[in-house]
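Okay, thanks for squeezing me in. Let me put the thing on screen first, and then we can talk it through.

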Amino acid sequence: MIRKVTRQKASHQVLAQLKAGINDGTFPVGEKLPSENVLADAFGVSRVPVREALGVLEVSGIISSRQGGGHRVEQHSLLSKYEPLVMEVADHREVEALLEMREVMEQQAARMAAERRTEQELQAIEQAHLAFRHCTLHDGQIGYRQDYLFHRAIMQASHNPFFVQILDNMHELYLGVLVYSLSKNLGRQAERQRVIDEHERVFIAIRDGDAAAATAAMQSHLNNVRGKLRRLENEEQEP
């Protein structure tokens, strides 16, 4: 049974109840989930935390988007492996540590990509950047998959296989943070454009082979991500 949730960490509570409902058969595999509006009314929240929770379930492969709207429940025998997935569930200190590691690793990856990338790898970075821009500006999507692929393409272009391996090993938390952060940009065109512009500066520096500029552009981008998440955390803690 769906229960009303409190305002604090609403998306966490929505996610937990949806996962429980999928696990116990309330939402059967192969069936369509209720719409965002229906779920929002049932939980007593706005559509934003519902959208965040659905985004995490989609990243996890537990649900999939349906053509024309809505989500379908997929096979979820690995459901227990997605315990905690997102910033809402993770300890904020863990997320802060993740962002620190991203700053160290991705700045170096951007620098090395500027020095070592091939034309094919540059095309992969550009394609991921253009896909992120298109889906966020024209399709109104969160763009977490495209954002992830953009950063992953840069790590691949660094020619250091451990960067990619580390990213893939922590992709659940990484993607969860992307869903949480980027979903806050829905309806905020200036914020969406800011992220796009930051990605473009990183891409241009790598394209031009400017290692110093690539490092600085990535540092600026990740500093802004950290600052945004800190602001969101403070807002959640306000009474």
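I'll go from the overall layout to one helix pair, then the cavities, and then a few single residues.

So, first off, this is a predicted model. We've got 10 helices and 2 strands in the protein. Walking along the sequence, the pattern goes α-α-α-β-β-α-α-α-α-α-α-α, with the two strands sitting between α3 and α4 in that order. Out of 239 residues, 47% are buried. And if you take contacts with a separation of 6 or more, 73% of them come from residues 24 or more positions apart.

Now the helix pair. In general, you describe two packed helices by the angle between their axes and the distance between the axes. Here I'm looking at α5, residues 119-137, and α9, residues 189-207. Their axes are 10 Å apart, and the packing angle is about 170°. Anything over 145 degrees counts as roughly antiparallel, so that's what we call α5 and α9.

Who's actually in that contact? From the α5 side you have, among others, L122, I125, H129, F132 and R133. From α9, the list includes V195, I196, H199, F203 and I206. Sort the residues in this contact by class and you get 9 nonpolar, 5 polar and 5 charged.

Let me stay on H199 for a second, since that one is in α9. Is H199 buried or exposed? Its relative accessibility is 0%, so H199 counts as buried. Leaving out residues up to four places away in sequence, H199 touches H129, F132, D147, F150, H151 and H221. There's also a nice long-range pairing: H199 and R133 are 66 residues apart along the chain, yet their C-alpha atoms are separated by 9.3 Å.

Okay, cavities. How many cavities of 30 Å³ or more are there? The count is 3. The largest cavity has a volume of about 130 Å³. It takes 15 residues to line that largest cavity, and the ones nearest its centre are S181, L182, V195, H221 and V225. The elements giving two or more residues to that lining are α6 (144-157), α8 (171-183), α9 and α10 (211-237). For anyone thinking about what sits around that space, the lining of the largest cavity splits into 5 nonpolar, 5 polar and 5 charged residues. You'll have spotted two repeats there: V195 is also in the α5 and α9 contact, and H221 is also one of the residues touching H199.

A couple more spots. A114 is in helix α4, residues 92-116. With a relative accessible area of 7%, A114 is buried. Setting aside sequence neighbours up to four places away, A114 touches A205, I206, G209, D210, A211 and A214. Its C-alpha is 7.3 Å from that of D208, and those two are 94 residues apart along the chain.

Then T215, over in α10. T215 is buried too, at 16% relative accessible area, and with the same kind of neighbours left out, T215 touches Q107 and R111.

Last one, and it's a backbone thing. Most residues other than glycine have a negative phi. H159 isn't a glycine, but its phi is positive, about 65°. Where is H159 found? H159 is in the loop between α6 and α7 (161-169), and at 41% relative accessible area it's partly exposed.

That's my tour, so over to you.

Conventions
Residues numbered from 1 in each chain as written. Predicted model: local features only at pLDDT ≥ 70, side-chain atom pairs only at ≥ 80, totals over all residues. Heavy atoms only, no water. Axes fitted to C-alpha atoms, helices over the stretch in contact; angles between N-to-C directions. Helix = DSSP H or I, 4+ residues; strand = E, 2+ residues; numbered from the N terminus. Parallel < 35°, antiparallel > 145°, perpendicular 65-115°, else oblique. Contact = heavy atoms within 4.5 Å. Nonpolar A, V, L, I, M, F, W, Y, C, P; charged D, E, K, R; others polar. 1 Å grid on protein atoms, 1.4 Å probe; cavity = no way out; pocket = protein on both sides within 12 Å on 5 of 7 lines; lining within 4 Å. Points joined across faces, edges and corners; volume = space filled by probe spheres on them. Buried < 20%, exposed > 50% of the residue type's maximum accessible area, 1.4 Å probe, protein only.
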